[in-house]
Amino acid sequence: MRGHMWIGSVLCLAALAGACVAQPEPIALTAAEAADLAVERSPELGTVEAEVAAAWARVRHAEAAQRLLVSAHLAGSYGDHGFMTMSSPPIGPPDNFMAPEGPYGRAALRLMYPLYTSGRLESAESAAEFEAAAKEEDLAERELEVRLTATLAYRQVLLAQALAEIADATVETLVERVRIAEARLHQGRVAEVDVLRQRAALSDARAAAAEARGSVEQALIDFHAILALDQETPTSLLEPLEIPVVDGDTGSLLDLALESRPVIVAVDHRISAAAERAAEAEGADDLQVYAFGGAVADVMRNGRLDPGYLVGLSMSLSLDDGGASSAKQAEARAMTRRFEEEARQIGIQIDRDIRSVLVDYRVAMETLALAEESVAAADEALRVTELKYDAGKTIVVDLLDAIAMRTRAYVGRAVAAYRARMAADRIARAVGAPVAGTDAEPLSVGWQPLHLWQPDEHTYALSVRDVAAADLVAWLIRDQSIACAADDAAIRGVRVSGVFRGHSVEQVAAAALAGSGVRVGQKEQLGGAATPLPTRPATRLPPAPATRSPRPGRLGPPRCPR
């Protein structure tokens, strides 16, 4: 029993320890902060930084070749014949000496200093400095690319979230339409096929919403990977998709790119480095003058100590090296031409990139403006189609088409906003400096509610407690020429008696709505002047002669008696 208790205690402690494991803290980022974090944590930039450090180490190596060189050597030997030998490489200056036969010991101090090298060492140092500076510009260029990648990933998450919001709103719209259709089916006022079609559309919308939410998760995975963050880190984005504004024409942006792009500076440094390498190769063919000196203490086989010193001057000139030096010069000159051509190619590429992204930006902004018009038209089309469908003036296919068209319009606007923002980001990347600002108002790419059945002081806003009453009012509003209605509760669900001659549509609507509990706001543009409709008890209108009921199954408004 005690053993079981002990095991249970261990398991409880293990569970508590697992619960106490530190979870990543949530972070909230703007696009600029995300780009800074990506630069800070990027492994790719870490490798380039290491290359920069190695390049500057080569500079220090080239500098060291121009300083006084001092080395110490200790050697011992034994043999039956004398041999020419040298000190251990790569220590320099080296100590070359003749070891005599028998036991022998030697201690030496060697010094060497370059007095004149025909510019060889100076050119080598300058070439190393230019190459290191070019590596630093490569790092700056890679930083721009990492920033762009992180920024585009940030925008992609925003786009995925906007599309998911639109998909969820489409689901909500269709859920409401299905609810209304089922209520009408229960009243016998619509065919079952209408309900089935709307249910099918709802299922498709839910599937699309699930895919949209999956796209958000995938975009966040990519975003975390680019920023080298823990995938479990809760991340929120603080900056919505905004309307980009790019300042400058093609010429000014090209001039700015020529001044700002690190890749242009890098290739200029490499051209200079190649020229210095050519000068280094030429200097190696000319006179080399070194001062040298040293002190030595030899211990001979008879035990005699033989100390001494030496100072001197060494002058060397290459007479014929088999063409090795000239080959190095030719190689350096060829590299100079290669980097000059690379500079021309980079200039052509930058010109192409800037012009291309400016075209993308202009097209994206035009598309965004058209998408805004499309959203407005789709909103109005759905509003009118819903009214017509509720009044029995159109079929369910038209309603579903209007909902789908509205969804496509909102998706198109979100994608257009993303492309416009992406084009502005790519312009900044092509130029190498910030050139894009944002409009004062952020661009909303989400789903805007139609407010068709919510109280509003500018529209007939119906809170649908009684769907049938809403249908009657929708029919009355849409057809101002109707001045009569039948007493037919089976079709309309609202007991409104008589012929309404002499009564305005507003009065009829108020009477119907007051009796059904549906609230009415203020009419603005659906025909007639804006007239407030007071909330009051059910209005009793003059009785009218009995009328015959319309054919069973008729969805339109009842006909007036002749």
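This short talk walks through a sheet, a pair of helices and some salt bridges in one structure.

Hello everyone, and thanks for coming. Before we start, please keep in mind that this is a predicted model, where local features need pLDDT of at least 70, side-chain atom pairs count only at pLDDT 80 or more, and totals for chains, interfaces and linings use all residues. Residues are numbered from 1 along each chain as its sequence is written, and side-chain values use heavy atoms, with hydrogens and water left out.

Let's begin with the sheet. When I say helix or strand, I mean a DSSP run, numbered from the N terminus: H or I with at least four residues for helices, E with at least two for strands. Two strands pair if DSSP finds at least two bridges between them. In general, strands of a sheet pair through backbone hydrogen bonds, either parallel or antiparallel.

Here we have an open sheet of four strands in the order 2-5-8-9, with antiparallel pairing. Which strands sit at the edges? They are strand 2 (69–77) and strand 9, each of which pairs on one side only. Direction ignored, neighbouring strands of this sheet are turned by 15° against each other on average.

At one edge, strand 2 runs antiparallel to strand 5 (residues 104–116), and nine bridges join them. If you want a spot to look at, find Leu 69, whose bridge partner in strand 5 is Met 112.

Now go to the other edge. Strand 8 (residues 288–299) and strand 9 pair in the antiparallel sense over twelve bridges, and Val 289 stands opposite Met 315 in strand 9. These two strands form a hairpin with five residues between them, and in the turn Gly 303 has a positive phi of about 85°. How many residues of strand 9 are buried? The count is zero among the twelve residues of strand 9 (residues 305–316), so this strand is hardly covered, taking buried as under 20% relative accessible area, exposed as over 50% and partly exposed as in between, with a 1.4 Å probe and protein chains only.

On to the helices. The axes of helix 4 (residues 120–187) and helix 9 (residues 396–431) come within 10 Å and cross at roughly 170°. Those axes are lines fitted to C-alpha atoms, for helices over the stretch in contact, and angles run from 0 to 180 degrees between N-to-C directions. That crossing makes helix 4 roughly antiparallel to helix 9, a label used for angles over 145 degrees (under 35 is roughly parallel, 65 to 115 roughly perpendicular, the rest oblique).

Finally, the salt bridges, each a side-chain nitrogen of Lys or Arg within 4 Å of a carboxyl oxygen of Asp or Glu. By this rule the count comes to 29. One of them joins Asp 138 and Arg 270, whose closest N and O atoms are 2.4 Å apart. This pair links distant parts of the chain, with Asp 138 in helix 4 and Arg 270 in helix 7 (residues 262–284), 132 residues apart. Asp 138 is partly exposed, at a relative accessible area of 21%.

Another salt bridge brings Glu 282 and Arg 333 together at 4.0 Å, N to O. Glu 282 belongs to helix 7 and Arg 333 to helix 8 (residues 324–390), 51 residues apart.

Closer along the chain, Glu 342 forms a salt bridge with Arg 338 at 3.7 Å between the closest N and O atoms; being four residues apart in helix 8, they are separated by about one helical turn. And last, Asp 95, Arg 106, Arg 110 and Asp 298 are linked in a network of salt bridges. Thank you!
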